[in-house]
Amino acid sequence: MEYFFQEFSGFHGTLVKPYYWLYHSQHCSRCPYHIRTGEESRVTYGEFYQAFGFPYGPTNPENKQLTFYEIKDFTGRVLQKGHATNCNSCNIHVESILFEEHGYLDFNLYCHQSVGYLTLYSNYTPCDEYAHCCATKMNDFLIRYPQIRMDIYFSQLYHVDENNPSSLWNREALRTLAGHWSRVTVNPISNRIWQTILYDFVREVPAATLHQPILPARASADSYNAYMIHLITGVKPYFVDVPPEPKAPVVVHRQDFPTVNANHISVPQPQHGSYPYIPVLGPSVPIRPVPIPAYHGGHIGIRSKPKQVVRHLNMPTDRNQETDLEVFLPNARKMNEVVVTEKVVKKKGKDKREKKKKKKRERS
Ligand SMILES: [Zn+2]
Ligand SMILES: [Zn+2]
């Protein structure tokens, strides 16, 4: 059997030149080595993010295909792992490079009779467009090797929107591949599969990324992929839905309290740090006092609710009830009530003079 490819040993794993007529090209950064194998062939985290849209959600890199693969024997032992990229210079898709008859995978299966499993992690689903016929080549490969089981994981669907002129072919191709179930599965990447890819195929991964939960935008895209691939193929994929993260507590800003200066008020802090509504402010920033819950020793397990106290500053007073103003208002002064009686006195004098005149008239 005659094969197309050539292999070279390099710093970044084994470099595979899939076609003898491929050469370095300024239009394709990966030419001519579109397959790289071995532990050293890991891609950078930046390249992974750009192609797969992890962790922040889909990036839709139209001209960039990246597929990681694992070849395993019947016991599940990994015989080889690596990745393949498309060629922008010659317009060749990843699946064509890998699954071409007399191509690289053909050679591997010829050399390793014990190959039982092939796993692909691709940023796009395979197409079956006229210039490529990727899915047809994969289908032919599955027919040539009936003992092989293949699991395909993808992060984005390729050209299956109804508006795309190739969507009918591509959808039909996915149905054909999924029709090999249970030998073949077509699944969206989800949940722990993302971590598996990071651990096995990517370098320079931030430590936090390996342990953080799947972000909502990514989880939402994975869920959509699961729905669509089920809709297109009629086969339920392997998919682990990620529950939504609990929402952060909402800080309520009270508006019905007067503004005071922080220099003149001390806000007690909760002793157990479990009350989330106390803002942390600098000393010169005006703050609004809020009711602070009381924390009592011996009741640590019970979270006391804040009590809302309503103060009526202008209390209606009972005239018959004596009120001690010094107690109610600390700086109040007592005031004496003054009754003006001048007019009354004058009136009394006037009445006496009129009585004297009346007596005089009676005498005369
Ligand atoms: Zn190329
Ligand atoms: Zn294709």
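Which residue of strand 2 is the bridge partner of Phe 8? In this predicted model, the residue that bridges to Phe 8 is Leu 15, which belongs to strand 2.

That contact is part of a longer pairing, for strand 1, spanning residues 6-10, and strand 2, spanning residues 13-17, run in the antiparallel sense and are held in register by five bridges. The link between strand 1 and strand 2 is a hairpin of two residues, and Gly 10 has Gly 13 of strand 2 opposite to it. Strand 2 also pairs with strand 3, residues 35-37, again in the antiparallel sense and through three bridges, with Thr 14 facing Thr 37 of strand 3 across that pairing.

The two pairings of strand 2 are set out below.

| Pairing | Sense | Bridges | Opposed residues |
|---|---|---|---|
| strand 1 with strand 2 | antiparallel | five bridges | Gly 10 and Gly 13 |
| strand 2 with strand 3 | antiparallel | three bridges | Thr 14 and Thr 37 |

As a general point, strands of a sheet pair through backbone hydrogen bonds, in either the parallel or the antiparallel sense.

The wider sheet is open and contains eight strands in the order 1-2-3-6-5-7-8-9, with mixed pairing. Strand 1 and strand 9 (184-188) lie at its edges, and because each has a single partner strand, one side of each is left without a neighbour in the sheet. From one strand to the next the twist averages 20 degrees. Helix 3, residues 104-111, packs on this sheet and touches strand 2, strand 3, strand 5 (66-73), strand 6 (78-85) and strand 7 (115-124), while its direction makes about 160 degrees with that of strand 7.

How values were computed:
Residues numbered from 1 in each chain as written. Chains lettered and ligands numbered in written order. Predicted model: local features only at pLDDT ≥ 70, side-chain atom pairs only at ≥ 80, totals over all residues. Pairing = 2+ DSSP bridges. Helix = DSSP H or I, 4+ residues; strand = E, 2+ residues; numbered from the N terminus. Axes fitted to C-alpha atoms, helices over the stretch in contact; angles between N-to-C directions. Contact = placed C-beta atoms within 7 Å.
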